[in-house]
Amino acid sequence: MHFMHLPAKKSLGQNFLKSKQALREIIEAADIHHTDTVLEIGPGKGVLTAELLKNSGKVIAIEKDERMIEYLSLLFASDITSGKLELISEDILTYEPKVKEFKLVANIPYYLTGQIFRKFLETENQPSLMVLLVQKEVAERIVARDGKESILSMSVKAFGTPKYIAKVAAKYFSPQPKVDSAIILIKDISKRFFIESGISEQRFFEIMKAGFAHKRKVLVGNLKTAFQELNPEKINQALVEAGINEKARAEDIGLSQWEKLIKAL
């Protein structure tokens, strides 16, 4: 097979990035230094990998596609020999990072977006920051551009601080996806919110899911439906203590109010 004509595999959600501007913005957002170890998901043909190698101390690239492994092994032979690049043939969802401190920087397959966020935010061994290329709409949901929160935005904000970096138009990918993408940065990643609030992650997500269960319904109605074992008066009282209006929907509420509400429940 001629390596230059490696077609993207639809089953792996491959869309190769071909914008130098986007690469620069990713590297800049990740604030990469020569002391950093960077974990890359799905390096594909290695355009981002090459930039990461220039700027970091070490890159660990996880690639599921055997064709790409073969191609990257030739392309970055000297970096692999020197130990600067570790190329691992594995599925990112089963891979467990061995390094303690790392940054996660990647152009990820869209269909794995939710699972990648969950895996790397909820794990004990979190990255210090994440810079990911995701669908533009997903990036906008995470930073709640329209002022409306979601389970996704609240889950991310419980672990770190998201920032929308830049849009990357569909035409800068090969093959061209149907939608535009965006670079999102999540920094200051930690478990601090859970440790300081004393709320368990399990409890947080249980109440969050209940609150967002029916988009059209007000929050108090969703909570009463989900927690029928609780006295409805207790739920009303919890809302008052958290300073939440009885007509509020889950999408109107920020993290600090969720914290008060969960503690009051």
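What follows is a chat about the fold of a predicted protein model.

User: Before we start, what should I know about the model and the numbering?

Analyst: It's a predicted model, where local features need pLDDT of at least 70, side-chain atom pairs count only at pLDDT 80 or more, and totals for chains, interfaces and linings use all residues. Residues are numbered from 1 along each chain as its sequence is written, and side-chain values use heavy atoms, with hydrogens and water left out.

User: Cool. How many helices and strands does the protein have?

Analyst: Twelve helices and nine strands. Helices (H or I, at least four residues) and strands (E, at least two) are DSSP runs, numbered from the N terminus.

User: And what box do the C-alpha atoms fill?

Analyst: Roughly 70 × 35 × 30 Å, taken along the principal axes.

User: What share of the 265 residues is buried?

Analyst: That's 49%. Buried means under 20% relative accessible area, exposed is over 50%, and partly exposed is in between, using a 1.4 Å probe and protein chains only.

User: OK, the sheet. What's the strand order?

Analyst: There's an open sheet of seven strands, ordered E4-E3-E2-E5-E6-E9-E7, with mixed pairing. Two strands pair if DSSP finds at least two bridges between them.

User: Which strands stand at the edges?

Analyst: Strand E4 (85-89) and strand E7 (161-168) do. Each has a single partner strand, so one side of each has no neighbour in the sheet. Neighbouring strands here are turned by 20° against each other on average, ignoring direction. Axes are lines fitted to C-alpha atoms, for helices over the stretch in contact, and angles run from 0 to 180 degrees between N-to-C directions.

User: Do parallel and antiparallel pairs work through some kind of bond?

Analyst: Strands of a sheet pair through backbone hydrogen bonds, either parallel or antiparallel. Here, E2 and E3 run parallel, joined by five bridges, and Thr37 stands opposite Lys58 in E3. E7 and strand E9 (residues 181-187) are antiparallel over seven bridges, with Pro162 opposite Ile186 in E9.

User: Is E3 enclosed or open?

Analyst: Largely enclosed by the rest of the structure, because five of its six residues are buried. Helix H3 (residues 66-75) lies across strand E3 (58-63) and E4, and runs at about 160° to E4.

User: Back to E2. What does Val38 touch?

Analyst: Val38 lies in strand E2 and counts as buried, at 0% relative accessibility. Leaving out residues up to four places away in sequence, Val38 touches Ile32, Leu52, Ser56, Lys58, Val59, Ile60, Lys103 and Val105. Contact means heavy atoms within 4.5 Å.

User: How much of the protein's contact is between residues 24 or more positions apart?

Analyst: Such pairs account for 66% of the contacts with a separation of 6 or more.

User: New topic: which residues have the most contacts inside the largest nonpolar core?

Analyst: Leu132, Phe204, Trp258 and Leu261, in a core of 58 residues. A nonpolar core is a set of buried Ala, Val, Leu, Ile, Met, Phe, Trp, Tyr and Cys residues joined through side-chain atoms within 4.5 Å. Apart from that one lies another core, of 29 residues, with Ile27, Leu48, Ala61 and Met68 among them.

User: Nice. How do H9 and H12 cross?

Analyst: The axes of helix H9 (residues 201-211) and helix H12 (residues 255-264) come within 11 Å and cross at roughly 105°. That makes H9 roughly perpendicular to H12. For the labels, angles under 35 degrees count as roughly parallel, over 145 as roughly antiparallel, 65 to 115 as roughly perpendicular and the rest as oblique.

User: Which residues meet there?

Analyst: Arg203, Phe204, Ile207, Met208 and Gly211 in H9 meet Leu255, Trp258 and Ile262 in H12.

User: Any odd backbone spots? Where is Pro175?

Analyst: Pro175 sits in the loop between strand E8 (173-174) and E9. The peptide bond from Ser174 to Pro175 is cis, with omega near -10°.

User: And Asp31 and Ala144?

Analyst: Asp31 has phi near 50°, a positive value in a residue other than glycine. Asp31 is in the loop between helix H1 (20-30) and strand E2 (37-41), and counts as partly exposed at 43% relative accessibility. Ala144 also has a positive phi, near 50°, and lies in the loop between helix H6 (136-142) and helix H7 (151-159). Ala144 is buried, with a relative accessible area of 10%.
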